[in-house]
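Thank you all for making time this morning. I would like to walk you through one structure, slowly enough that anyone meeting it for the first time can follow along on the screen.

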Amino acid sequence: MPTNTYMELVRQLLRDIPDFPKPGIVFKDITPVLQSPEAFAEIIDHLAQRYADAGLSQIVGIESRGFIFASALALKMQKGLVLIRKPGKLPADTFSAAYDLEYGQDEVHIHKDALSTQDRVVILDDLLATGGTLGAAASVVGQTGASIHELAVLIELDFLGARAKLSDYSIHSLLNY
């Protein structure tokens with residue numbers, strides 16, 4: 001488990017930005033956390049310890065802030081890094097899944113050859129809000145045949161109820177609001 005001191009540091013460093021990206025939304029800005037080597041290292045150390053014995057073969061990161069945590073974790077654990085991206089960003093054949101946003105629809109893609117049935121992964125993102133992005137990411141990973149050990153996020157907004165939508169998966173969040 002992360003130490004209370006550093007998780008408190010992470011919580012203190014998070015910055016709320018009201019009315020971003022649209023009125024009524026309070027954006028949880030992680031950039032001050034990333035600027036603190038101690039806080040960032042504590043997050044990655046916690047995740048590496050959590051997944052040390054999970055039999056992971058790859059770490060999957062969701063565009064774009066999920067890339068930050070996934071790449072650091074993959075490096076620390078000496079695992080490969082697999083990217084889940086927005087449309088038009090991956091050059092080879094992809095699997096895709098659409099999801100609803102508060103203000104429309106979007107989709108995510110993964111290379112068809114990025115994972116196989118032999119792979120066991122954790123999927124990382126910075127925030128779990130409504131569950132749309134993380135659910136779509138799990139869907140595209142599932143299309144590859146890989147098994148998902150867990151979905152992991154730095155921040156979970158409990159009041160939005162995403163866990164109910166993602167009840168087929170184990171979810172780990174470091175901070176809950």
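I will go through the sheet, the helices that lie against it, the nonpolar cores, two individual residues and, at the end, the salt bridges.

Before anything else, please keep in mind that what you see is a predicted model, and that the values I quote are computed from it.

Let me begin with the sheet. It is an open sheet of five strands, and if you read across it the order is β4-β3-β7-β8-β9, with the strands pairing in parallel. Which strands are at the edges? Those are β4, covering residues 80–84, and β9, each of which pairs on one side only. On average, and ignoring direction, neighbouring strands of this sheet are turned by 20 degrees against each other. In general, the strands of a sheet pair through backbone hydrogen bonds, and they do so either parallel or antiparallel. If you would like one pairing to look at in detail, take strand β3, residues 58–62, which pairs with β7 in the parallel sense over four bridges; within that pairing, Gln58 stands opposite Val121 in β7.

Now for the helices that meet this sheet. Helix α3 lies across β7, β8 and β9, and its direction runs at about 155 degrees to that of β9. Helix α5, which spans residues 132–144, packs on the sheet as well, where it touches β3, β4, β7 and β8, and its direction makes about 165 degrees with that of β7.

With that framework in place, we can turn to the nonpolar cores. How many residues does the largest nonpolar core have? It has 27, and the residues with the most contacts inside it are Ile43, Tyr51, Ile59 and Leu73. At least two residues of this core come from each of α1 (4–13), α3 (37–51), α4 (65–77), β7 (120–128), β8 (147–156) and β9 (171–176), and α3 gives the most, with six residues. To get a feeling for it, look at Leu73, which, if we set aside residues up to four places away in sequence, touches Ile44, Leu47, Ala48, Tyr51, Ile59, Val122 and Leu124. Apart from this core lies another one, of 24 residues, and among them are Val60, Val121, Ala137 and Ala138.

Let me now pick out two residues in the sheet. The first I would like you to find is Glu150, in strand β8. Is Glu150 buried or exposed? It is buried, because its relative accessible area is 5%, and the cut-off for that word is under 20%. Its side chain has polar partners: a polar contact of 2.8 Å joins it to the side chain of Arg50, and another, of 2.5 Å, to the side chain of Tyr51. Leaving aside neighbours within four places in sequence, the residues in contact with Glu150 are Arg50, Tyr51, Val121, Val122, Ile123, Ser170, Ile171 and His172.

The other residue is Val82, in strand β4, and Val82 is buried too, at a relative accessible area of 5%. Beyond residues up to four places away in sequence, Val82 touches Gln58, Ile59, Val60, Gly61, Ile110, Ala114 and Leu115. For a sense of scale, Val82 and Gly161 are 79 residues apart in sequence and 27 Å apart in space, going from C-alpha to C-alpha.

Finally, the salt bridges, of which the count comes to eight. I will show three of them. One joins Asp29 and Arg15, with the closest N and O atoms 2.6 Å apart; this pair links distant parts of the chain, since Asp29 is in strand β2 (residues 26–29) and Arg15 is in strand β1 (residues 15–18), 14 residues apart. Asp29 counts as buried, at 9% relative accessibility, whereas Arg15 is partly exposed, at 41%.

Another salt bridge is formed by the side chains of Asp16 and Lys28, at 2.9 Å from N to O, and here again strand β1, with Asp16, is linked to strand β2, with Lys28, twelve residues apart. In this pair Asp16 counts as partly exposed, at 43%, while Lys28 is buried, at 14%.

The last one I will show is between the side chains of Glu156 and Arg163, also given as 2.9 Å from N to O. Glu156 counts as buried, at 3% relative accessibility, and Arg163 as partly exposed, at 37%.

Technical notes:
Residues are numbered from 1 along each chain as its sequence is written. This is a predicted model: local features need pLDDT of at least 70, side-chain atom pairs count only at pLDDT 80 or more; totals for chains, interfaces and linings use all residues. Side-chain values use heavy atoms; hydrogens and water are left out. A nonpolar core is a set of buried Ala, Val, Leu, Ile, Met, Phe, Trp, Tyr and Cys residues joined through side-chain atoms within 4.5 Å. Buried means under 20% relative accessible area, exposed over 50%, partly exposed in between (1.4 Å probe, protein chains only). Contact means heavy atoms within 4.5 Å. A polar contact is a pair of N or O atoms within 3.5 Å; within protein, one must be able to donate a hydrogen and the other to accept it, and residues adjacent in sequence count only if both atoms are side-chain atoms. Two strands pair if DSSP finds at least two bridges between them. Axes are lines fitted to C-alpha atoms, for helices over the stretch in contact, and angles run from 0 to 180 degrees between N-to-C directions. A salt bridge is a side-chain nitrogen of Lys or Arg within 4 Å of a carboxyl oxygen of Asp or Glu.
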